[in-house]
Amino acid sequence: MTVSSARATHPHTVTTRHRRVCPLCEGMCGVELTVENNHRVLSVHPDPDNAWSQGHVCPKGIQLGALHHDPDRLTWPMIRDGEKWHEVTWEEAFEHIETLVARVREKHGQQAFGFYGGNMSGKGFDSSRYMMLLLQHAKFAQRFSSSSVDQLPKNLTSHILYGNMWKIPIPDVDNTDLFVILGGNPAASKGSIFSHRDVMGAIKKLRARGGKVIVIDPVRTKTAQQADQWLPIKPGADAALLLAVAHVLFAEGRVNTGHLTELLNGLDEIRRIAERFSPERVADFCGLAAEDIRALARAIADAPRAAVYGRIGTCTQPFGTLASWMVDIISILTGNLDRIGGAMWSTQVAPHLDLTPPYPSDAPIVSPPIRVRGVPGILGQYPASCLAEEIDTPGEGQIRALLTLGCNPVLTAPGSERLAKALDQLECMVSLDIYINETTCHADVILPSPSLLEQPHWDVWAWPWSLTSGGHYSPTTIPAGDRPEEWRVMARLGAIFGGNPDADVNKLDDEFFAGICRRVGLEPDDAFKIWPQRGAERILDLCIRTGPFGDKMGSNPDGLSLQSFKDNPDGIIIGHAEPQGADAITTPSGKIEMAHPHILADLPRLEAAIDDTDNSLLLVSRRHLGSMNSWMHNVDKLVRGKDRCTLQIHPDDAERHGLAVGDRVAVESESGRITASVEITDDIRPGIVCLPHGWGHNQPQSQLQVARRHPGVNINILSPGRMIDEPSGNAVLNGIPVHLEKIPEND
Ligand SMILES: Nc1nc2c(c(=O)[nH]1)N[C@H]1C(S)=C(S)[C@@H](COP(=O)(O)OP(=O)(O)OC[C@H]3O[C@@H](n4cnc5c(=O)[nH]c(N)nc54)[C@H](O)[C@@H]3O)O[C@H]1N2
Ligand SMILES: Nc1nc2c(c(=O)[nH]1)N[C@H]1C(S)=C(S)[C@@H](COP(=O)(O)OP(=O)(O)OC[C@H]3O[C@@H](n4cnc5c(=O)[nH]c(N)nc54)[C@H](O)[C@@H]3O)O[C@H]1N2
Ligand code: SF4
Ligand SMILES: [Mo]
């Protein structure tokens, strides 16, 4: 515990001050908490002394205390009996899980077991470090995750181009002259696969020093409002746009691969492909003038340094892989990859993902087709869009048991209504979560994670996307009380689902740790002497000490260890990342594979779409600073105020549909129908409507008292599970064809 001051306000009241890092997003903001008697959070404030965040926070971080004290947050395991839930001991919960799992195994075999991992599984101190142990032992026949409703196309293109699915280039906004953002809105999201203490502040500074910002987005977001230029692209057209940019670069002799030239495979093929995509050919499909496309190409080529960045709008769309690929290809063609001021890779203090790689460089991209739809697995997982049908379609290999971890796919994955019904058909569903929500209400057993304040923190999933090398360790703020450490819970779940319920979890941990040691060339027996204790902290210490700035177990005495960070509660900032050159590339050829057949095979699908422009009204999603996907709507201060769940529509479309501000409108797609109230704005291109994601808290079985009073509507009722980006299997959540129907006032 970091106690910066203690004072007695009452003979029995001790107030302590604690510092920690908010784990909710990639902003990694330092906060200061005042805690009474070790258990009640009195206040949360920004921490101006945190070396990374320097006092930056957002409204969500200030609610960490409210989250901890949320009366709906689970603190004991829950077992469902029909409609009723019972609090049980951990042992009772595990026994019940063992019985359910054994029954499914006996009836259907290991092929009936599925797994879905979500966003919050990556945020816990233990859960982020023990996911691989769980998966290794559980041997799920089918694995799904929120990656396939998020960045899987980016993982796929990074695996193909560079040999590592997590080697995703990050825009060097602090040193660039031109920042091009496609499908990202850091003003709301705070940056994604791009950790920066203050992206919007950096954008302001960039413009103040004479640089330019271009935002390519169907919506004039708050980010676009602060840019030099907004290019209102049609959803799904980014790949075509960037191919046309490449066309112009080649046609005008502006390709300059510079320091990358020796590292490239497939440049000629890219030239031949780009020839087919003139600005004139793609202009209608993109909804942009050919001259604007040419100007974009020239701006990127002419900028001394340009950072091209594509985020979720370029991934969760029909051509997510081609768009993600072309973002990097444009960086390469203009010599801006792996260069200060361009798009670069991080050098991490604790390179955890390199030590427990989720997917090896030499593993095949595709795995055998999934049972019902027949699409392949990609990088070891199947599309979230396929989960419902794998559960509700009878036959050999049908999923009968599901483990979910920190996810809420009933709100966040496509085809929500079908998925919710499918979950009820399972013979066994176990969830590791903190709420009885829209997804976990279907479970048989819910195991609660410790609150975010009841665990230490060092972000596994944010530092990889920071071009500032550094770290900050947060100790536990509030003691977790009488419950098993979460790594033990994960190890035990892995053992139970893998058919080995009596496994000794200490042994599983030692084996897991030994595996990590071997990867970094440490003899496990020597390592056990250095780290006799078990759990996540020794993994973190190992990552730091063997990492690029580490003390190498003493041979680099000035280097860092976890203790260095415990001694420096402000955190330690080392400096800016450097270019990595050939060391960064781990493809089998050692070259950047620009023109891989797995990607190129999708070009005919794009060309067919370009030549057959569809004029349907298209739905896109948005985020709000006060939400975090689907799960922070139970915090009163974050949901107060006017309804955020409005359908944004351009004035021309509103007029065409006879809609006025505040009208109720039914929005219908091929997969469902929802109603929302109308918000008219010209900050959106005509032909596009926009709803926020993460709402729809009206399931009677969920137990979220506050969220239920502000239910909103679930946008993913409208996202058809059928629509995927073919090369990656990623869900299409943007660019969904919809039609509108005004609901008469007296309805
Ligand atoms: N239409 C549309 N859909 C989208 C998106 C979109 O832009 N538009 N975005 C997509 C994206 S990018 C993502 S990442 C997904 C997110 O998809 P999910 O990962 O499914 O959703 P979250 O809302 O982040 O769910 C977090 C879950 O973790 C639980 N939780 C909170 N804290 C903890 C904890 O400490 N431990 C554990 N074990 N659980 C905890 C919450 O109760 C909740 O159930 O949604 C996707 N869905
Ligand atoms: N406050 C808050 N912060 C969050 C989250 C949250 O829910 N709330 N979620 C977190 C998560 S899990 C993630 S992955 C990140 C996501 O972070 P961002 O990628 O910044 O996500 P969004 O703010 O949804 O911005 C996506 C933009 O893409 C645009 N778009 C839609 N379709 C297209 C298209 O076809 N082409 C182009 N060019 N643009 C398109 C949308 O209009 C939208 O403005 O945010 C993280 N941070
Ligand atoms: S949620 Fe807000 S406070 Fe927390 S890290 Fe992100 S930006 Fe910072
Ligand atoms: Mo995400």
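How many nonpolar, polar and charged residues does the shell around ligand 3 have? In this predicted model, local features need pLDDT of at least 70 and side-chain atom pairs count only at pLDDT 80 or more, while totals for chains, interfaces and linings use all residues. Residues are numbered from 1 along each chain as its sequence is written, and ligands are numbered from 1 in the order in which they are written.

The shell around ligand 3 comprises six nonpolar, two polar and two charged residues, where Ala, Val, Leu, Ile, Met, Phe, Trp, Tyr, Cys and Pro count as nonpolar, Asp, Glu, Lys and Arg as charged, and the others, Gly among them, as polar. Its members, each with a heavy atom within 4 Å of the ligand, are Cys22, Leu24, Cys25, Gly27, Met28, Cys29, Cys58, Lys60, Gly61 and Lys190.

The largest cavity (a set of points on a 1 Å grid over the protein atoms alone where a 1.4 Å probe fits but cannot get out) has a volume, taken as the space filled by probe spheres set on the points, of about 80 Å³. Of the 13 residues lining this cavity (an atom within 4 Å of a point), Lys154, Ile168, Pro169, Tyr309 and Gly310 are the closest to its centre. By class, the lining has nine nonpolar, one polar and three charged residues. Strand 14 gives the most to this lining, with three residues; strands are DSSP runs of E, at least two residues, and helices of H or I, at least four, numbered from the N terminus.

In helix 21 (residues 536-546), nine of the eleven residues are buried, that is, under 20% relative accessible area with a 1.4 Å probe, protein chains only.

Note on methods: Side-chain values use heavy atoms; hydrogens and water are left out. On a 1 Å grid over the protein atoms alone, a cavity is a set of points where a 1.4 Å probe fits but cannot get out, and a pocket is an open set with protein on both sides within 12 Å along at least five of seven lines; lining residues have an atom within 4 Å of a point. Buried means under 20% relative accessible area, exposed over 50%, partly exposed in between (1.4 Å probe, protein chains only).
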